[in-house]
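Biologist: Could you take a close look at one part of this model for me, the place where helices pack against each other? I would love the cut-offs spelled out as you go.

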Amino acid sequence: MSESSTAIMENQRTLAASTDRFDERAGAGLATRLILVGLVVFLIVGSILFVRVMLHRGPDTIESPSSAPIPARYDADRAMGYLQKLCDFGPRPSGSEAMVRQQRYLESFFLERGAEVRRQEFETRNPNDGSAMTMTNLIASWHPERPLRFLFCAHYDTRPYPDRDRQNRKGTFIGANDGASGTAGLMELSNQLDDLPDDVGIDLVMFDGEEFIWQEDRDRYFLGSTYFAQTYVDTPPENAYRAGVLFDMIGDRELRLYYEMNSIRYAKPVAQSFWQVAKRLRVDAFVPRTRHDLRDDHLPLNQIAKIPTIDVIDFDYPRPGIGSPSYWHTEQDIPKNCSGESIAAVVWVAHQWITAQGRSEQSRSIKTPNR
Ligand SMILES: [Zn+2]
């Protein structure tokens, strides 16, 4: 940076000197002088902008997602342990042996925490060879009979290949953030459901086939969430969901969660109330400004099932900015680039938000400030 400043100053001096000589010899007009001055200004402004962009590339020290301390019950180490555990299964694309092991693990995990767990299986075709394959959404329910039902969801499959990796498009994709972090968020949230308002029920749903994508222009996204949404329409439950919250890529060490445009389009009040809770708790990672227009599992939920659903997602992984690396769909989407604090902060907001959704006398009495 300092080198380029010196170079600019040298340029200025050279340009100024040559301008003087030019004037003396030929008596060149004002126009030439203006062009040269313009050039100098352009170089100076350009170098200032360049330096600013470089400085904006991001922090070397990672900021905490929250300016208030995260309460101990939202356990960052435990959440990170979940993420690590899921990644230890290896790549988990739909239909893989690792996905089957992950399903068994998650089933017993949510059963142990008091949920009713069921598999929602559906048949589809492997886009590579047309062969039949089964996909499975996992549904863990708490108090399904209660009138105010809410949906929290994430995809738990991982992309077959890190096809945005410039070094190794056919390499190993672990999906620590894109796959494991959302699921780990649901797991940590399940530790918080003992004191729900007495009229609130919750389903945690893990979608299969979010990105069983071998060829971008050929294969379909969102198979699990689309099947879930269609089933919801075909066989409506007694108590409809009031709202849905999708977790995706919430594990980034440099967490910044902006409003996502489709969430605002379909579920603005849900987004606003969620970000308001974050503001009250001083979880600064939630920024109430719109950024990114994303297609994700919330689209079938909004468009087919008409469940107003927001996408809580940090799509800048690790950070925005020209020259910043991008870990999305690369071999760098690994636990090292994730943080349990980020997941814990999101779960804190989610739990406080859901606690504020009850409306009975008893649940109102639970809503004391700063809970
Ligand atoms: Zn993805």
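Modeller: Happily; here is a walk around helix H9 and its two partners, H3 and H7.

First, some ground rules. This is a predicted model, in which local features need pLDDT of at least 70 and side-chain atom pairs count only at pLDDT 80 or more, while totals for chains, interfaces and linings use all residues. Residues are numbered from 1 along each chain as its sequence is written.

The pLDDT (the predictor's confidence in each residue, from 0 to 100) averages 88 for the protein chain, with 85% of the residues scoring at least 70. Below 50 lies the stretch of residues 1–25, which has 17 contacts in the model beyond near neighbours in sequence; here two residues are in contact if their C-beta atoms, placed from the backbone, lie within 7 Å. Residues 363–371 also stay under 50.

The protein chain has ten helices and eight strands, taken as DSSP runs numbered from the N terminus (helices are H or I, at least four residues; strands are E, at least two).

Now to H9, residues 340–355. Helix H3 (residues 76–88) packs on H9 at about 110°, the axes being 7 Å apart. Axes are lines fitted to C-alpha atoms, for helices over the stretch in contact, and angles run from 0 to 180 degrees between N-to-C directions. H3 and H9 are therefore roughly perpendicular, a label for angles of 65 to 115 degrees. Their crossing is right-handed, meaning that the near helix is turned clockwise from the far one by less than a right angle. On the H3 side the contact involves Ala 76, Asp 77, Ala 79, Met 80 and Leu 83, and on the H9 side Gly 340, Glu 341, Ile 343, Ala 344 and Val 347. Those residues divide into seven nonpolar, one polar and two charged. Ala, Val, Leu, Ile, Met, Phe, Trp, Tyr, Cys and Pro count as nonpolar, Asp, Glu, Lys and Arg as charged, and the others, Gly among them, as polar.

The other partner is helix H7 (residues 261–281), which packs with H9 at about 115° and an axis separation of 9 Å. That makes H7 roughly perpendicular to H9. The crossing of H7 and H9 is right-handed. H7 brings Ser 273, Phe 274, Val 277, Ala 278 and Leu 281 to the contact, and H9 brings Trp 348, Val 349, Gln 352 and Trp 353. By class, the contact of H7 with H9 has seven nonpolar residues, two polar and no charged.

Methods
Angles under 35 degrees count as roughly parallel, over 145 as roughly antiparallel, 65 to 115 as roughly perpendicular and the rest as oblique.
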